[in-house]
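Please open the model in your viewer with a cartoon representation and keep the selection tool at hand. The stops below each name what to select next and then describe what is there.

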Amino acid sequence: MLLNSTSLIAKDIPDRMQNKLHPSWDLFRERYERLEPHIHAFAVEANAGERLDAAAKHLLDTYRGTEAKPAFYGVPVGIKDLLHVEGLLTRAGSGLPAAVLSGQEGSLIRRLRSLGALIAGKTVTEEFAYNGPIATRNPHDLSHTPGGSSAGSAAAVAAGLCPLALGTQTLRSVIAPASFCGVVGFKPSYGRVPLDGVILLAPSFDTIGFFTQNVSDMQAAAALLIPDWNHGSRQAGRKPVLGIPRGIYMELMSGGVKAAFTAQIEGLQQKGYTVKQVNMPWEDEFIYGDAMLRFLEGEMAREHAAWFERFADIYGAPVREAILRGREITDTELEMYRRRQARLCRELETARAAQGVDLWVSPAQGGTAPKIGEGTGWPGMTAIWTFAGCPAVSLPSASIDNLPLGFQCIGSYGQDEALAAWAQQISEDL
């Protein structure tokens, strides 16, 4: 186990006023040298040390002698290698030429810079966030995967290399690695975070998410990075009513996960939470069938159409085969999925209101982190919520055979602030 703790929220304000960077900066440099050769959370970067030293010096010079430091002053932040960052190559886990994949830095990265963050580096992703071999290892056990596709971001936060990292989720790519690595993973509502400056996989799903070591840091990051965050939103004063889906959804897990989740729910009920079993507004076959994957691959084929014409032979086999399947999917079928997507979002809200449910809950994954070479997780517990655009958070909550397991809370579409507040309460009661 290669775990270390570091917080996004600085506790040594007097030191920061004496022209010192956030304490996580020094920890990052030390831990990077010690842990990164084992974890491989970051994409290889030539002259990384020189870039980081120059960035730190620039930040110190900019704010020297000023007491009012920006919120993320000197905080190292990992950036999934799908997001363009000025001065860094974007490879997206692919063998395609970096010049082809290059693009302008997006508004979220510019926001981080304005808040004083230091870009720690690009974190490892599966090829184009879809599938493919990765070098990253789970800090809890190096023989296990950290999950995909935001593998490097979750592993970097779990190992204490940086207190904040960005990922993306199309079906499970924030929630799954957060669960496997024992960190907090927050996937906002679809559309809440701008996607400019991001290489997309499936535009109807893709969402930028955040990894932190605790819920307080997640709340701080969300409030600063998600546009139009409602700082006045509070859910204090009562415990949320929790809804558990009936049907095949709750069968998509191992016996060990089911036992752990049952114990967690019983514990929450003993602390005063109301829990309801709810018939869900989806067909069971949609949960375990291939409809969502067809939707994703159809959009993926269109996103990659120009590159694929030039570089089909360079794509890894899983991505190449997915694009070929996606090219066979008609525009009519894709439009049908989009209508179904919008309908499910509405029906989930209707079901929630009718049952008086505040949050849906479930295990974040159907199992713990697989061994290296045995896949990077299962979409069953996460994909349907991503399809509907709902915000979700994975809370570190349990372990099985010394491997972490997350507790997933899913909020109503657009109600990210309520989810974040209730997640804090639930994390304290688990």
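Select helices α11 and α13, which are roughly perpendicular to each other, because an angle between 65 and 115 degrees counts as such. In this predicted model, α11 covers residues 291–303 and α13 covers residues 317–327, and the two pack at an angle of about 100° with their axes 7 Å apart. With side chains displayed, you will find Glu-297, Gly-298, Met-300, Ala-301 and Arg-302 on the α11 side, meeting Val-319, Ala-322, Ile-323, Arg-325, Gly-326 and Arg-327 of α13. Divided by class, this contact of α11 with α13 consists of five nonpolar, two polar and four charged residues.

For another helix pair, select α2 (residues 23–39) together with α3 (residues 48–63), whose axes come within 13 Å and cross at roughly 170°. Angles over 145 degrees count as roughly antiparallel, and α2 and α3 are therefore described in that way. Trp-25, Phe-28 and Arg-29 make the contact from α2, while α3 contributes Gly-49, Leu-52, Asp-53 and Ala-56. The residues of this contact of α2 with α3 comprise four nonpolar, one polar and two charged. Before leaving, select His-40 in the loop between α2 and α3, where phi is positive at about 55° although the residue is not a glycine. With a relative accessible area of 34%, His-40 is partly exposed.

Now turn to the strands. In what order do the ten strands of the open sheet stand? Reading across the sheet, the order is β2-β1-β3-β5-β4-β9-β10-β8-β6-β7, and the pairing is mixed. At the edges stand β2 (118–123) and β7 (275–278), and since each has a single partner strand, one side of each is left without a neighbour in the sheet. From one strand to the next, the twist averages 30°.

Zoom in on the β2 end of that order. Although β2 is an edge strand, it is mostly covered, with six of its six residues buried. Strands β1 and β2 run parallel and are joined by five bridges, and among the residues to select there is Lys-80, whose bridge partner in β2 is Thr-123. Strand β1 (residues 76–80) also pairs in the parallel sense with β3 (residues 164–169), over three bridges, and Val-77 stands opposite Leu-164 of β3.

Within β1, select Gly-78, which is buried with a relative accessible area of 0%. Leaving aside neighbours within four places in sequence, Gly-78 is in contact with Phe-42, Ala-120, Gly-121, Thr-123, Cys-162, Leu-164, Ala-165 and Leu-166. If you draw a C-alpha to C-alpha distance from Gly-78 to Asp-429, the value is 30 Å, for residues that are 351 apart in sequence.

Next, select helix α16 (residues 416–429), which lies across β4 (184–187), β6 (242–245), β8 (359–363), β9 (392–400) and β10 (403–410), and which runs at about 20° to β9.

To look at the interior, select Leu-112 and Ile-384, the residues with the most contacts inside the largest nonpolar core, which has 105 residues. Residues up to four places away in sequence aside, Leu-112 touches Phe-72, Val-77, Ile-79, Ala-117, Leu-164, Leu-166 and Leu-225. A second, separate core of 28 residues includes Phe-28, Ala-41, Cys-162 and Ala-178.

The closing stops are in loops. In the loop between β1 and α4, select Ala-92, a residue other than glycine whose phi is near 55° and thus positive; at 0% relative accessibility, Ala-92 counts as buried. Ser-94 is found in the loop between β1 and α4 as well, and is buried with a relative accessible area of 10%; beyond residues up to four places away in sequence, Ser-94 touches Glu-127 and Phe-128. Pro-97 lies in the loop between β1 and α4 (98–101) and is partly exposed, with a relative accessible area of 31%. From Pro-97, the C-alpha of Phe-311 is 9.1 Å away in space, although the two residues are 214 apart in sequence.

Finally, select Ser-149 in the loop between β2 and α6 (151–158), and inspect the peptide bond leading to Ser-149 from Gly-148, which is cis with omega near 0°.

Conventions
Residues are numbered from 1 along each chain as its sequence is written. This is a predicted model: local features need pLDDT of at least 70, side-chain atom pairs count only at pLDDT 80 or more; totals for chains, interfaces and linings use all residues. Side-chain values use heavy atoms; hydrogens and water are left out. Two strands pair if DSSP finds at least two bridges between them. Helices (H or I, at least four residues) and strands (E, at least two) are DSSP runs, numbered from the N terminus. Axes are lines fitted to C-alpha atoms, for helices over the stretch in contact, and angles run from 0 to 180 degrees between N-to-C directions. Contact means heavy atoms within 4.5 Å. Angles under 35 degrees count as roughly parallel, over 145 as roughly antiparallel, 65 to 115 as roughly perpendicular and the rest as oblique. Ala, Val, Leu, Ile, Met, Phe, Trp, Tyr, Cys and Pro count as nonpolar, Asp, Glu, Lys and Arg as charged, and the others, Gly among them, as polar. Buried means under 20% relative accessible area, exposed over 50%, partly exposed in between (1.4 Å probe, protein chains only). A nonpolar core is a set of buried Ala, Val, Leu, Ile, Met, Phe, Trp, Tyr and Cys residues joined through side-chain atoms within 4.5 Å.
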